[in-house]
Amino acid sequence: MISEEQFQNELDLIIKNAIREDIGDGDHTSLSCIPADAQGKAKLLVKDDGIIAGVDFAKLVFSYVDEDLKVETFIKDGEKVKYGDIVFHVSGKSQSILMAERLVLNAMQRMSAIATKTAFFANLLEGTKTKVLDTRKTTPGIRALEKWAVKIGGGENHRFALYDMVMIKDNHIDFAGGITAAITKTKNYLAEKGLDIKIIVEARSLEEIKEILSVPGVYRILIDNFNYEDTKKAVALIGDTCLTESSGGINEDTIRKYAECGVDYISSGALTHSVYNMDLSLKAID
């Protein structure tokens with residue numbers, strides 16, 4: 001994954017762009033009917049059950065919009081919530097609260113949905129050594145938020161983007177002229193560029209796994225679209241040579257069985273691309 005500094009920069013970009021997109025040259029509704037010096041207070045109300053995520057991001061948004069806004073937190077990121085819970089209070093200028101409202105809600109609703117689904121998958125793996133990974137199947141422009149939510153839900157991040165890890169998949173292998181050629185060319189490229197990043201290689205068969213193992217320097221083998229029996233054979237074949245990852249249409253009904261095959265990781269695009277936003281609202285209070 002990327003550095004903490006890079007991650008923070010991604011968050012800053014998300015906030016700046018979202019505020020630009022939503023406010024433009026001004027929140028004319030609030031500017032027209034609410035005095036500039038009016039003070040207000042609002043609560044973040046939960047109208048669903050699950051895992052809350054995005055509280056710390058909401059604080060960043062409020063601070064960006066108005067550094068004088070104050071947030072009193074009652075429930076932290078990663079904690080379970082139920083209908084009727086109050087996550088935080090925010091107080092300060094009413095206009096500022098309203099300007100930040102939609103970005104806070106959009107982000108927290110999606111992040112909480114992702115954290116809830118990730119926690120569900122992670123619980124299905126309890127008692128095994130297997131950990132659940134996200135993918136690059138994220139919403140364009142807010143990848144940092146979605147991957148943050150996966151971490152909050154108890155999952156792990158795969159790679160952030162194309163630049164922080166090498167992942168040689170089927171098309172790379174076919175275009176490069178085979179597995180050995182693809183890995184060798186990749187290692188030479190990384191050496192020439194002075195890049196210290198890990199290499200993952202996708203395998204479509206046990207024979208391909210054998211070929212991958214014949215070329216040193218692979219960090220993890222992606223055992224893609226294997227059945228249970230072949231996955232067990234693959235894990236046994238790989239042993240301690242490198243880490244293992246299963247992927248390919250794995251869902252809540254099959255994830256436990258794949259974990260019991262002994263893989264180190266299971267990746268699931270569904271953590272981020274197939275969720276329904278948690279119902280949250282920001283309500284003014286006296």
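**Exercise 1. Is cysteine 261 buried or exposed, and what is its relative accessibility?**

Solution. The structure is a predicted model, in which local features need pLDDT of at least 70, side-chain atom pairs count only at pLDDT 80 or more, and totals for chains, interfaces and linings use all residues. Residues are numbered from 1 along each chain as its sequence is written, and side-chain values use heavy atoms, with hydrogens and water left out.

Step 1. Take the cut-offs: buried means under 20% relative accessible area, exposed means over 50%, and partly exposed lies in between (1.4 Å probe, protein chains only).

Step 2. Cysteine 261 has a relative accessibility of 8%, so cysteine 261 counts as buried.

Step 3. Cysteine 242, at 9% relative accessibility, counts as buried.

**Exercise 2. State how many disulfides the structure holds, and locate the cysteine sulfur nearest to that of cysteine 242.**

Solution. Step 1. A disulfide is a covalent bond between the sulfur atoms of two cysteines. The criterion applied here is a pair of cysteine sulfur atoms within 2.5 Å.

Step 2. The number of disulfides is 0.

Step 3. For cysteine 242, which is in no disulfide, the nearest cysteine sulfur belongs to cysteine 261 and is 16 Å away. Cysteine 261 is likewise in no disulfide, and its nearest cysteine sulfur is that of cysteine 242.

**Exercise 3. Describe the surroundings of isoleucine 2.**

Solution. Step 1. Isoleucine 2 sits in the segment before helix H1 (4-23). Helices (H or I, at least four residues) and strands (E, at least two) are DSSP runs, numbered from the N terminus.

Step 2. The relative accessibility of isoleucine 2 is 11%, so isoleucine 2 counts as buried.

Step 3. List its contacts, a contact being heavy atoms within 4.5 Å. With neighbours within four places in sequence left aside, isoleucine 2 touches Phe7, Glu10, Phe160, Tyr163 and Asp164.

Step 4. Take one of these partners, phenylalanine 160: its C-alpha is 6.5 Å from that of isoleucine 2, although the two are 158 residues apart in sequence.

Step 5. Set this against the whole protein: among contacts with a separation of 6 or more, 70% are between residues 24 or more positions apart.

**Exercise 4. Compare the settings of three salt bridges.**

Solution. Step 1. Side chains of opposite charge can pair when their charged atoms come close. A salt bridge is a side-chain nitrogen of Lys or Arg within 4 Å of a carboxyl oxygen of Asp or Glu. The structure has 13 salt bridges.

Step 2. Lysine 82 pairs with aspartate 85 at 3.2 Å, N to O. Aspartate 85 is buried, at a relative accessible area of 16%.

Step 3. Lysine 129 and aspartate 264 form a salt bridge in which the closest N and O atoms are 3.2 Å apart. Lysine 129 lies in the loop between helix H4 (94-124) and strand E6 (131-133), and aspartate 264 in the loop between helix H10 (255-259) and strand E11 (265-267), so the pair ties together parts 135 residues apart in sequence. Aspartate 264 is buried at 17% relative accessibility, whereas lysine 129 is exposed at 54%.

Step 4. Aspartate 230 and lysine 233 form a salt bridge with the closest N and O atoms 4.0 Å apart. Both are in helix H9 (residues 228-238), and because they are 3 residues apart, about one helical turn separates them. Aspartate 230 is partly exposed at 26%, and lysine 233 is partly exposed at 49%.

Step 5. Asp174, Arg204 and Glu208 are joined into one network by salt bridges that share partners.

**Exercise 5. Characterise the two largest pockets by volume and lining.**

Solution. Step 1. On a 1 Å grid over the protein atoms alone, a pocket is an open set of points where a 1.4 Å probe fits, with protein on both sides within 12 Å along at least five of seven lines; lining residues have an atom within 4 Å of a point. A volume is the space filled by probe spheres set on the points, which are joined across faces, edges and corners.

Step 2. The largest pocket has a volume of about 380 Å³. It is lined by 20 residues, and Thr135, Lys137, Lys169, Ser247 and Ser267 are the closest to its centre. Strand E9 (220-224), strand E10 (243-247) and helix H11 (270-273) each supply at least two lining residues.

Step 3. The second largest pocket, of about 290 Å³, has 15 lining residues, with Ile14, Ala18, Glu21, Leu103 and Ile142 nearest its centre. H1 gives the largest share of this lining, 6 residues.

Step 4. Sort by class: Ala, Val, Leu, Ile, Met, Phe, Trp, Tyr, Cys and Pro count as nonpolar, Asp, Glu, Lys and Arg as charged, and the others, Gly among them, as polar. The lining of the largest pocket has 4 nonpolar, 9 polar and 7 charged residues; that of the second largest has 8 nonpolar, 3 polar and 4 charged.
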